[in-house]
Structures are given as structure tokens and as C-alpha cells.
Amino acid sequence: MRLSTVILPVHRWSQGRHIWRRAEDLGFHAAYTYDHLSWRSFRDGPWFGAVPTLTGAASVTQSMRLGTLVTSPNFRHPVTLAKDLITLDDVSDGRITLGIGAGGNGFDATALGQEAWTPKERADRFGEFVALLDRLLTEDSVTERGTFYAADEARNIPGCVQRPRLPFAVAATGPRGMRLAARYGQAWVTTGDPKLYEEGTPEQSVAALRGQIERLGKACAETGREVAELDKILLTGFTPDRSRPLESVEAFVDFAGRHRELGFTEIVIHWPIPDSDFAADQAVFESIATEALSRLG
């Protein structure tokens, strides 16, 4: 199992650069950031762009993987996103992972002045978005006319440092998203079952996650892939456990062990932000980063 962190883009770079460097010093496998225009309780405070943030992070780190958790079609177009990703992959010397999801109905959904898409339209757009992005990142020139997205001789030379392209970590819980993960993903991402967050139990969450992995396995079988080929990433903070796994090294080891048994290969924890939903003791957090995996055995 690997341990990673997600660093929300809420810090001016004069402070943020030290956080990303510290994440590498602590030995995290990867450090991700959210790709939103604003997000929930942070809407009225500082919030910086994901692509420039990751570019800065690539300049102050050397070996830690970097990426988004997650990018969505809400305000992105595959043609322009592909160009940014190829550049990021080059600047980082091949350390970028694209976490990608269908998006939701939050602030990003209407920030460009459009009406919020229905769940069906989000799923339709997501399928077209991922398929076109896959082509854009693997072919020198792409022309495509879709229902929602188009490309006209879009050039992406020299392509990604990582071949045939940088990896996709596809966030999905429904059948259509699972099929996309099975077809295009090098990893699958989940935050658990959102219906259980308020009143569910950790035991119910584990059962729900087990069911998700089983459905992922079926989707992989339908596409002729082995489910073991995909990394399985759990972004924490959205299950009924909430912040309890970060209360002590022992609590995290117990949490990680239960989820490793389900088949998860990577757990992502939020870098502490005081006075927020992601508040945690920094010293405990750093102890988890340096000690927890060795205690899993």
C-alpha cells in the first residue's frame, strides 16, 4: 500500500512551496490537489488554480508524483487540458497523474454561466471527454466531432514524457464510470458512498466499498482486463470515519489495514488546514506519514 496526500490550493505560493516540499521530505508517494474554481466552505477564501499550482510543485520537488483529485469537464475542454497536461508532464519529468471525474453540481457547475448539467448529461459528457482526452494525449494530431466536444487538427507534439500517455485515475461509483475506469484507467478513485457520510457507520462504509470494488471487477472483466491491473485509490475524509483516522498513528493503521484488505493500493489523506473540515494535528499527521505504513507489516 502507498500513502499520499492532497494539498488544497489555498496558500499563496510563498507558503505553499514549503508545504509541497515538506510532503516530499515526509516520503509521500504522491501529492495531489483539487481542480476546482472554488470549493464548498473555502469558496469565500483564497483558492488558486490547479495547473499553475502543480507546475510550481514540480519545480520544488524531485521524485514525488503529482496530480489532480480530480479534474472534471465542468469548466475544462479536452483540447486545452491536453496541452496543459503534456506541459505539466514535461516540466515534472514524467511525474503527473490525472485524477479525473464526471464533476458535480457545485460552484464549478455554473461558474461559466451555463445551467448545471443533469446527472445523465454529466455522465454523457464525461464519457466523451475521457475518450477524446485519451486520443489527444497519445496522437500527434486529432480531429474529432462529438456531441459535446470537438477537435480540429489539434496538435500535441511531442506528447507526454510518460508513454503512451500519463496515467488516468478515474473517479467512479456508477456503472458507466466504472466502465470508463476499466477501459481507460490506470487507477480507480473513490471517496466511498456519499449516502453514508452523515449517518452511516464505518462498517457500512467498508461493505459499500467492497461492493464498489466488486463492480469494478465486473466492469474490467467486460473489457477483458484484470482488475488487479488498476491501482485502487481511496481519498479519505468523506466516509463516516471522517477525520478519526488522523487522530493517532494507531487509528490510521487500523483504518488503513481494513481498507488494504478490501484491495486498496493507495490511501490519500488531506494535508491539515486549521479551522476547517480538514483540521488535524500536524505532528500526528507527520508521524502517520513516516511511521504508519511500516506498522501495517
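Ring pairs join Tyr34, Trp39, Phe42, Trp47, Phe238 and Phe278 into a cluster. The model is a predicted one, and the cluster is a convenient place to enter it. Within the cluster, Phe42 has a relative accessibility of 11%, and therefore counts as buried. Trp47, at 13% relative accessibility, also counts as buried.

Across the structure, the count of aromatic pairs comes to 13. One of them is formed by Phe28 and Phe285, a tilted pair with 5.7 Å from centre to centre and 40° between the planes. Phe28 sits in the loop between α1 (13–25) and β2 (30–33), while Phe285 belongs to helix α8, so this pair ties together parts that lie 257 residues apart in sequence. Both Phe28 and Phe285 are buried. Returning to the cluster, the ring centres of Phe42 and Trp47 are 6.0 Å apart and their planes meet at 50°; the pair is therefore tilted. For a pair to be called tilted, the angle between the planes must be neither under 30 degrees, which counts as stacked, nor over 60, which counts as edge-to-face.

Aromatic rings also have arginine partners in this model. Arg125 lies over the face of Trp117, 4.0 Å from the ring centre. Arg165 is placed over the face of Phe168, and here the distance to the ring centre is 3.6 Å.

The next stop is helix α7 and the strands on either side of it in the chain. Helix α7 covers residues 249–262, and its 14 residues should span 20 Å at 1.5 Å a residue; the C-alpha atoms at its ends are 20 Å apart, which agrees. Which residues of α7 are buried? They are Val249, Phe252, Val253, Phe255, Ala256, Gly257, His259 and Leu262. An α-helix has 3.6 residues a turn, so residues three or four places apart point the same way. That spacing can be followed in the list, for example from Val249 to Phe252 and Val253. The elements that the buried residues of α7 pack against are β1 (2–6), α6 (202–223), β9 (231–235), β10 (266–270) and α8 (282–296). Just after the helix, Gly263 takes a positive phi of about 115°.

The chain then reaches β10, a mostly covered strand in which five of the five residues are buried. Glu266, Val268 and His270 point one way from β10, Ile267 and Ile269 point the other way, and all are buried. Strand β10 has partners in β1 and β9. With β1, the pairing is parallel and runs over five bridges; here Thr5 has Ile269 of β10 as its bridge partner. With β9, the pairing is again in the parallel sense, over three bridges, and Leu234 stands opposite Ile267 of β10. Taken together, β9, α7 and β10 make a right-handed β-α-β unit.

A last position to look at is Pro158, in the loop between β6 (150–155) and β7 (168–171). Is Pro158 buried or exposed? Its relative accessibility is 57%, and so Pro158 counts as exposed. Pro158 and Lys232 are 74 residues apart along the chain, and their C-alpha atoms are separated by 30 Å.

Methods: Residues numbered from 1 in each chain as written. Predicted model: local features only at pLDDT ≥ 70, side-chain atom pairs only at ≥ 80, totals over all residues. Heavy atoms only, no water. Helix = DSSP H or I, 4+ residues; strand = E, 2+ residues; numbered from the N terminus. Expected span 1.5 Å × (residues − 1). Buried < 20%, exposed > 50% of the residue type's maximum accessible area, 1.4 Å probe, protein only. Contact = heavy atoms within 4.5 Å. Pairing = 2+ DSSP bridges. Right-handed = clockwise from strand over helix to strand, strands pointing away. Phe/Tyr/Trp six-rings, centres within 6.5 Å; stacked < 30°, edge-to-face > 60°. Lys NZ or Arg CZ within 6 Å of the ring centre and 35° of its normal.
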